[in-house]
Amino acid sequence: MEVKSANDSGITVITPMGRVDTSTAKVFEDAVMAAADANGKIAISFDSIDYISSAGLRVVLMLGKKLKASNGTLVLINMPEKIFSVFKMSGFDKILKICANFDEAKPLFG
Amino acid sequence: MATSTKILVLDDEKDTEDLFLQKFRHQITEEAYEFAFATSQEEVQKHFEIETFDIFISDINVAGMDGINFISQLRKSYPLMRTIVISAYGDINTLRAVMRCGAHDFVIKPIDFNDLLDTVRKTTKIVASMKQMEATTKKLSAISDELDVSAKLQRSILPGNIVKSGSIELFADTIPAAEVGGDFYDYFWLSERKLGIVMADVSGKNVSAAMFATIAKTLIKSFSRIYASPAECFKNVNITLCAENVTTMFVTAMYGIIDTEKNEITYTNAGHLPIAVIISGQDPCFLECDPGMALGIFEEVEFIDHTHCFSPGETILMYTDGVPEAADPDGAEYDFERFAAVLAKNAKASPNALTQELIKSIRQFANGAPQSDDITTLCVKYRTRITPNVV
């Protein structure tokens, strides 16, 4: 698994690529946590991942908690139906901000 | 932190000590080497009573022929220590014998100090890599110990896997992945006519997941006696888990209470996969329910109770994502279609037989690909209206 990171309008856009499962979750975790240390405005784009397991969900939640504690913002974008159903199934769509794309997410960063 | 290499030198000539201290003075000042000296086997023993050494340099004449045994003995007691013998030209046979019994290198007398320096340097490198190897081995064995502990912990929290009582026949099973995950199932009689069933999956692996699973399982079972409604039970389990949870672990879970008098199951969901319903002659379906939210994340979650009425001979199945997400060598998933097909084909089978057929089908699909997640199932066949005779 690979994690890409880019800056757009002061927002760090993180794009995990491939499978986020138990064996790759640590790579994903290290990447998002480092990004959160540098910038409190983070968007994660899910358009390049095939699969996310509960270990991957946990990383997203940890990031959400961390940013909430530091008054930062996390928005999840570009989610394919299959990935969205994983978030919906576990109920996490209720506590995480999910937007169709980056343009829709932008206003949420204030 | 780099530690100095500890070297013990055995030689009966007092000059040797001065010579070593003089020649190695830079390394001693830089604390690369730390020397100790002995002039007899007895003194060597005394040194070893106090500390261990990385390198043992011994004059072959002091060690002597019985010194061969001495070196061999030391080697057995301190397998990580390297031995260098110092020998005169004439002693080639003794030297050969000493090398055979476990000395690692030698230096010829009169000592060429550049040669000695080289030999010690080379040996130090070997010692360092051996130490590293030992540390790695220890780490690996600690990890495998941990895996072992979590496997035991995971097994120990599961109840037996078969219940046959009146209208209910239950079979539950778990096949742990190579790395132990946090799946668990549970069932418990709440009264003579009510059976609680639980299926859950903790995010994460190994000891931490197994411990979280143990806590969650205990809470669900305890709260099930206090709160008659599954939703109320989960609400309170969730609040308790959130309060204690510093690791951001969570557990998805489904909890149902089968009422054998009313022929129904009341269930609630905490972010888990829906219950499958299998009725002979019909397509299997999955019980609609509010997803709720995985337990341990967010305190203010409301859960909702749903009720489903049993048809005679109906089978229900609770499972974890290890079932639909089992992958073949190309990474394709088993998926709900294959899952539903196997359930339909085995609608009349006993819970045990249905579970075995399901596992067989998953194994065939996986085609040797390593199992990346636990596969856990709990299957109940509901036969008639007869009240169970279990207390």
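Start with the sheet in chain B: 6 strands line up in the order E6-E7-E16-E15-E12-E13, forming an open sheet with antiparallel pairing. Strands E6 (162-165) and E13 (285-286) of chain B sit at the edges with a single partner strand each, so one side of each has no neighbour in the sheet. Keep in mind that this is a predicted model. Below you'll find the sheet, the two chains and their contact, two helix pairs, and a handful of residues to look at.

**The sheet in chain B**
- Edge strand E6(B) is tied to strand E7 (residues 168-175) of chain B by 4 bridges, and the two run antiparallel.
- If you want one pair to click on, try B:Lys164, whose bridge partner in E7(B) is B:Glu169.
- Which helix lies across E7, E15 and E16 of chain B? That's helix H11 (residues 351-366) of chain B, which runs at about 145° to E16(B).
- To find the other two strands under H11(B), look at residues 314-319 for E15 and 375-382 for E16.

**The two chains**
- Chain A has 110 residues, and 40% of them are buried.
- Chain A contains 4 helices and 6 strands, and going along its sequence you get β-β-α-β-β-α-β-α-β-α.
- In chain A, 70% of the contacts between residues at least 6 apart in sequence join residues at least 24 apart.
- Chain B has 391 residues, with 38% counting as buried.
- Chain B is built with 11 helices and 16 strands.
- For chain B, take the contacts with a separation of 6 or more: residues 24 or more positions apart account for 70% of them.

**Where the chains touch**
- How many residues does each chain put into the contact? Chain B gives 18 residues and chain A gives 16 residues.
- On the side of chain B that touches chain A, the split is 8 nonpolar, 7 polar and 3 charged.

**Helix pair H1/H2 in chain A**
- Helix H1 (residues 25-38) and helix H2 (residues 54-69) of chain A have axes that come within 9 Å and cross at roughly 15°.
- H1(A) and H2(A) are therefore roughly parallel to each other, and the crossing is right-handed.
- From H1(A), the residues in the contact are A:Ala25, A:Phe28, A:Glu29, A:Val32 and A:Ala36.
- They meet A:Ala55, A:Gly56, A:Val59, A:Leu63, A:Lys66 and A:Leu67 of H2(A).
- By class, the contact of H1(A) with H2(A) comes out as 8 nonpolar, 1 polar and 2 charged residues.

**Helix pair H7/H8 in chain B**
- The axes of helix H7 (113-156) and helix H8 (residues 206-226) of chain B come within 8 Å and cross at roughly 20°.
- H7(B) and H8(B) are therefore roughly parallel to each other, and H7(B) passes H8(B) in a left-handed crossing.
- H7(B) brings B:Glu146, B:Leu147, B:Val149, B:Ser150, B:Leu153 and B:Gln154 to the contact, while H8(B) brings B:Asn206, B:Val207, B:Ala210, B:Ala213 and B:Thr214.
- The residues in the contact of H7(B) with H8(B) sort into 6 nonpolar, 4 polar and 1 charged.

**Backbone spots to look at**
- There's a cis peptide bond between B:Lys109 and B:Pro110, with omega at about 0°.
- B:Pro110 sits in the loop between strand E5 (105-109) and helix H7 of chain B.
- A:Asn71 isn't a glycine, yet its phi is positive, at about 60°.
- You'll find A:Asn71 in the loop between H2 and strand E5 (73-77) of chain A.
- Is A:Asn71 buried or exposed? A:Asn71 counts as exposed, because it has 7 C-beta neighbours inside 10 Å.
- B:Asn263 is another non-glycine residue with a positive phi, here about 55°.
- B:Asn263 belongs to the loop between strand E10 (251-259) and strand E11 (264-270) of chain B.
- B:Asn263 counts as partly exposed, because it has 16 C-beta neighbours inside 10 Å.

**A:Lys68**
- A:Lys68 is part of helix H2 of chain A.
- With 12 other C-beta atoms within 10 Å, A:Lys68 is exposed.
- How far is the A:Lys68 C-alpha atom from that of A:Gly40, 28 residues apart along the chain? The two C-alpha atoms are separated by 9.1 Å.

Note on methods
Residues are numbered from 1 along each chain as its sequence is written. Chains are lettered from A and ligands numbered from 1 in the order in which they are written. This is a predicted model: local features need pLDDT of at least 70, side-chain atom pairs count only at pLDDT 80 or more; totals for chains, interfaces and linings use all residues. Two strands pair if DSSP finds at least two bridges between them. Two residues are in contact if their C-beta atoms, placed from the backbone, lie within 7 Å. Axes are lines fitted to C-alpha atoms, for helices over the stretch in contact, and angles run from 0 to 180 degrees between N-to-C directions. Ala, Val, Leu, Ile, Met, Phe, Trp, Tyr, Cys and Pro count as nonpolar, Asp, Glu, Lys and Arg as charged, and the others, Gly among them, as polar. Angles under 35 degrees count as roughly parallel, over 145 as roughly antiparallel, 65 to 115 as roughly perpendicular and the rest as oblique. A crossing is left-handed if the near helix is turned anticlockwise from the far one by less than a right angle, and right-handed if clockwise. A residue is buried if 20 or more other C-beta atoms lie within 10 Å of its own, exposed if 12 or fewer, and partly exposed in between; C-beta atoms are placed from the backbone.
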